[in-house]
Amino acid sequence: MKVINEFRVCTDCISVIANDDTSGIDSVQEERHIRRSVHALGPNLCLGDIEKTETFYPFPCDCCEALPGERFHVVQLGEK
Ligand SMILES: [Zn+2]
């Protein structure tokens, strides 16, 4: 398996990707949106380089399109 893609995702998305944890998400609609977005990114997602965490990243979340803010590095593994 190799890294075939990388993303910058928000706190909510990283909780779902890394721990399947939705406790920080405010509403059911929001949770549904995040889960759908994570699913749409594709399979084999995992936490990337912790050194690449940004306290403020001036672009929307690559996953759920949340407003600019804290971002975590996520990689997608696959065959290539
Ligand atoms: Zn997000």
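# Helix crossing in a predicted model

Q: Is the crossing of helix 1 and helix 2 left-handed or right-handed?
A: In this predicted model, local features require pLDDT of at least 70 and side-chain atom pairs pLDDT 80 or more, whereas totals for chains, interfaces and linings use all residues. Numbering starts from 1 along each chain as its sequence is written. With the near helix turned from the far one by less than a right angle, anticlockwise is left-handed and clockwise right-handed; the crossing of helix 1 and helix 2 is right-handed.

Q: At roughly what angle do the axes of helix 1 and helix 2 cross?
A: Helix 1 covers residues 11–19 and helix 2 residues 28–41, helices being DSSP runs (H or I, at least four residues) numbered from the N terminus. Their axes come within 10 Å, and with lines fitted to C-alpha atoms over the stretch in contact and angles from 0 to 180 degrees between N-to-C directions, the crossing is at roughly 65 degrees.

Q: Which residues of helix 2 make the contact with helix 1?
A: Contact requires C-beta atoms, placed from the backbone, within 7 Å. Helix 1 contributes Asp12, Cys13, Val16 and Ile17, and the partners in helix 2 are Ile34, Arg35, Ser37 and Val38.

Q: Why does Glu30 count as buried, exposed or partly exposed?
A: Glu30 lies in helix 2. A residue is buried with 20 or more other C-beta atoms within 10 Å of its own, exposed with 12 or fewer, and partly exposed in between. Because Glu30 has 14 C-beta neighbours inside 10 Å, Glu30 counts as partly exposed.

Note on methods:
Two residues are in contact if their C-beta atoms, placed from the backbone, lie within 7 Å.
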